[in-house]
Amino acid sequence: MKNQQLTLRFLSFFFCAILVVSCKPKEQKAAKKELPAKRPNIIFMMSDDHAYQAISAYSDHLIQTPNIDRIANEGIKFTNACVSNSICAPSRATILTGKHCHIHGKVDNVFPFDESQTTFPQIMQKAGYKTAMFGKLHFGNNPKGVDEFKILPGQGRYYNPIFNTNDGQITVEGYVTDIIMDMTLEWLENNKNSEEPFMLFSMQKAPHREWLPAPRHFKEYTKKTFKEPETLFDDYEGRGTAAKTAEMNLLTHMNWAGDSKMYPDIMKELGIKDKSGWDLEAFEREVGAMNEEQRAVWDSVYRPMMEAFKKEYPNMSDEELMKWRYQRYMQDYLGCIASVDENVGRLLDYLDETGLAENTIIVYTSDQGFYLGEHGWFDKRFVYDESFKTPLLIRWPNVIKPGTTSTEMVQNLDFAQTILEAAHIEAPDDMQGESLVPLLLGNNEEWTRDAVYYHYYEYPGIHMVKRHYAIITQEYKLAHFYYDVDEWELYDRKNDPNEMKNVIDDPAYADVVVKLKKQLADLREQYGDSSQLDQEILRKYLEAQNNPDIETVPLH
Ligand code: SGN
Ligand code: CA
């Protein structure tokens, strides 16, 4: 009996095992993920000149940004996100139109944006989205396609800023980064129960030059010392003429009053001249805009620091001065980032508290990257990594897998199509980017692009970075500086991440050069760019420099 029972048990176990094995589903290719049916809200946060080196999700050697990092940890971080032209208004125009600069026409900061161009908020507004924009646009005109806007005129200022609004100009007391977030939160509060989804732009001025922090950060940040970049003392050997002639060096081109916050009276005492011709004006434009209370906090921190420097200055070597200027620069720049991060935290908390977080896509990016002393520089413009790459973090709960990293060559050119697709709206055929939606969903095999196109124009002009166009792949960067020189540069991105050696004439790269030149010519053709267009754009630019009757946007 016992034996029979055992045999039975064994047999039933055996059959069950067979059943389990045969029912196990075959290894299947992961199913393609689809967009959720419900249209999402979108908050597009962009700061001005926020270098990825100053976001701890990318690199934590300078500052901790726990709130911005939350977006990366709960969403996706792009490590090769870049711009098609590393300068403010052209980048914004590319973001809003989904087109390269030579197509939408905003190639530099000089001419106003062509208002006949279609921007994606106009398309979203027509498709039933509620739309609003707060902060910096820098177009020389107001945004189209937004129900409500409060926009800084031109570059705007840090303290007690003026805004252009639907109902005329207003001046708001306080610090610009806090104010722009106040406006963002107020609009959300007023619209959170609306039936329609929303598209909200919250665009910070910080940390744009002259890098002025909130008074609450003066003391803490002026006491900090930051790690110097490896290339702070770059002598530009091994690079082309453009790197050698650019005017963005911390020691030689930075303003004393406006940038390093040296008091004009101390400058005078030390016999330091206003080299740019607008240094004292820049100081007055920003520091002069403070109210009494803000100015008192400023003077209590900056005055003693500058008095101490006054004593040291006569005995300082160039190397010591460079180091001092780097620290001064970072203290102010990163002080600005501290407020940006705090305000991102305010927004994320608000979205959690109201339950809006769940169906809201949050994008955090910058209009371009920035040099934080790398190659001895500040500013941007070049196709070299620190200015060409830009931070890009996106959170979309239940759609993007938390903690995802993508190394794909994505560009600001792609944002319009991405947002339209996420919102179930068809993008116009003449947009030139590629939607990032497959990468957000995890359908990575659908991504097609492996090289991006770059074109910078604003020369001769402030910072004197020569005109150039380029092709960039994960491995290489090939650039042509075509005006007032005719020079090619090639960088091996994997073996020379600091881009210290132009290998264009190195025989080992001869095949790469041939291949990339062909690919670059094809890209130019594909995107509708040409030497003839380069010449026309240049002619118009030079004409405006010589003719004061031609309308231009103020520089500062
Ligand atoms: C200002 C800055 C420049 C900066 C341009 C463009 N000088 O002119 O350093 O390159 O803006 O910046 S400042 O002293 O007025 O700040 S952009 O971000 O608007 O393109
Ligand atoms: Ca900018």
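# Helix packing and unusual backbone sites

In this predicted model, helix 6 and helix 12 run roughly parallel to each other, because an angle under 35 degrees counts as roughly parallel and their packing angle is about 10 degrees. The axes of the two helices, which cover residues 176–191 and 318–354, lie 9 Å apart. Two packed helices are described by exactly these quantities, the angle between their axes and the distance between the axes.

The residues that form this contact can be named on both sides. Helix 6 contributes Thr177, Asp178, Met181, Asp182, Thr184, Leu185, Leu188 and Glu189. Helix 12 contributes Ser339, Val340, Asn343, Val344, Arg346, Leu347, Tyr350 and Leu351. Sorted by class, the contact holds eight nonpolar, four polar and four charged residues. A general point helps in reading such lists: an α-helix has 3.6 residues a turn, so residues three or four places apart point the same way.

Each of the two helices may now be considered separately. Helix 6 has 16 residues, which at 1.5 Å a residue should span 22 Å; the end C-alpha atoms are 23 Å apart, and this agrees with the expectation. Helix 6 is also mostly covered, since twelve of its 16 residues are buried. Among the buried residues are Val176, Ile179, Ile180, Met183, Trp187 and Asn191. Thr177, Asp178, Met181, Thr184, Leu185 and Leu188 are buried as well, and these residues also take part in the contact with helix 12.

For helix 12, the 37 residues should span 54 Å at 1.5 Å a residue, and the end C-alpha atoms are indeed 54 Å apart, so the two values agree. Of these 37 residues, 27 are buried, and helix 12 is therefore largely enclosed by the rest of the structure. Helix 12 is followed by Gly355, which has a positive phi near 80 degrees.

Helix 12 also meets helix 2, which comprises residues 66–73. The axes of helix 2 and helix 12 come within 7 Å and cross at roughly 55 degrees. Helix 2 is therefore oblique to helix 12. On the side of helix 2, the residues in contact are Pro66, Asn67, Ile68, Arg70 and Ile71. They meet Val340, Asp341, Glu342, Val344, Gly345, Leu348, Asp349 and Asp352 of helix 12. By class, this contact has six nonpolar, two polar and five charged residues. Val340 and Val344 take part here and also in the contact with helix 6.

Attention now turns to the later part of the chain. An unreviewed UniProt entry annotates residues 373–526 as the domain "N-sulphoglucosamine sulphohydrolase C-terminal". In the model, this span is 22% helix and 20% strand, and its end C-alpha atoms lie 36 Å apart.

Arg493 is located in the loop between strand 14 (487–492) and helix 16 (510–527). With a relative accessible area of 10%, Arg493 is buried, because buried means under 20%. Apart from its neighbours within four places in sequence, Arg493 is in contact with several residues, including Asn80, Asp385, Phe388, Lys389, Met409 and Tyr476. Ile103, in helix 4 (residues 101–104), counts as partly exposed at 35% relative accessibility. When residues up to four places away in sequence are not counted, Ile103 touches Gln117, Gln432, Tyr527 and Gly528.

The backbone itself offers a final topic. Most residues other than glycine have a negative phi, and most peptide bonds are trans. Against this background, four sites deserve attention.

A cis peptide bond joins Arg209 and Glu210, with omega about 15 degrees. Glu210 is placed in the loop between strand 7 (198–203) and helix 7 (218–222). Another cis peptide bond joins Tyr459 and Pro460, with omega about 0 degrees. Pro460 lies in the loop between strand 11 (451–456) and strand 12 (468–473).

That loop between strand 11 and strand 12 also contains His463. His463 is not a glycine, yet its phi is positive, near 75 degrees; the residue is buried, with a relative accessible area of 6%. Lys261 likewise has a positive phi, about 70 degrees, although it is not a glycine. Lys261 is found in the loop between helix 8 (241–245) and helix 9 (264–270), and it is buried, with a relative accessible area of 0%.

Note on methods: Residues are numbered from 1 along each chain as its sequence is written. Chains are lettered from A and ligands numbered from 1 in the order in which they are written. This is a predicted model: local features need pLDDT of at least 70, side-chain atom pairs count only at pLDDT 80 or more; totals for chains, interfaces and linings use all residues. Side-chain values use heavy atoms; hydrogens and water are left out. UniProt positions are given in the numbering used here, feature names are shortened, and annotations may be inferred rather than shown by experiment. Helices (H or I, at least four residues) and strands (E, at least two) are DSSP runs, numbered from the N terminus. Axes are lines fitted to C-alpha atoms, for helices over the stretch in contact, and angles run from 0 to 180 degrees between N-to-C directions. Angles under 35 degrees count as roughly parallel, over 145 as roughly antiparallel, 65 to 115 as roughly perpendicular and the rest as oblique. Contact means heavy atoms within 4.5 Å. Ala, Val, Leu, Ile, Met, Phe, Trp, Tyr, Cys and Pro count as nonpolar, Asp, Glu, Lys and Arg as charged, and the others, Gly among them, as polar. The expected span of a helix is 1.5 Å times one less than its number of residues. Buried means under 20% relative accessible area, exposed over 50%, partly exposed in between (1.4 Å probe, protein chains only).
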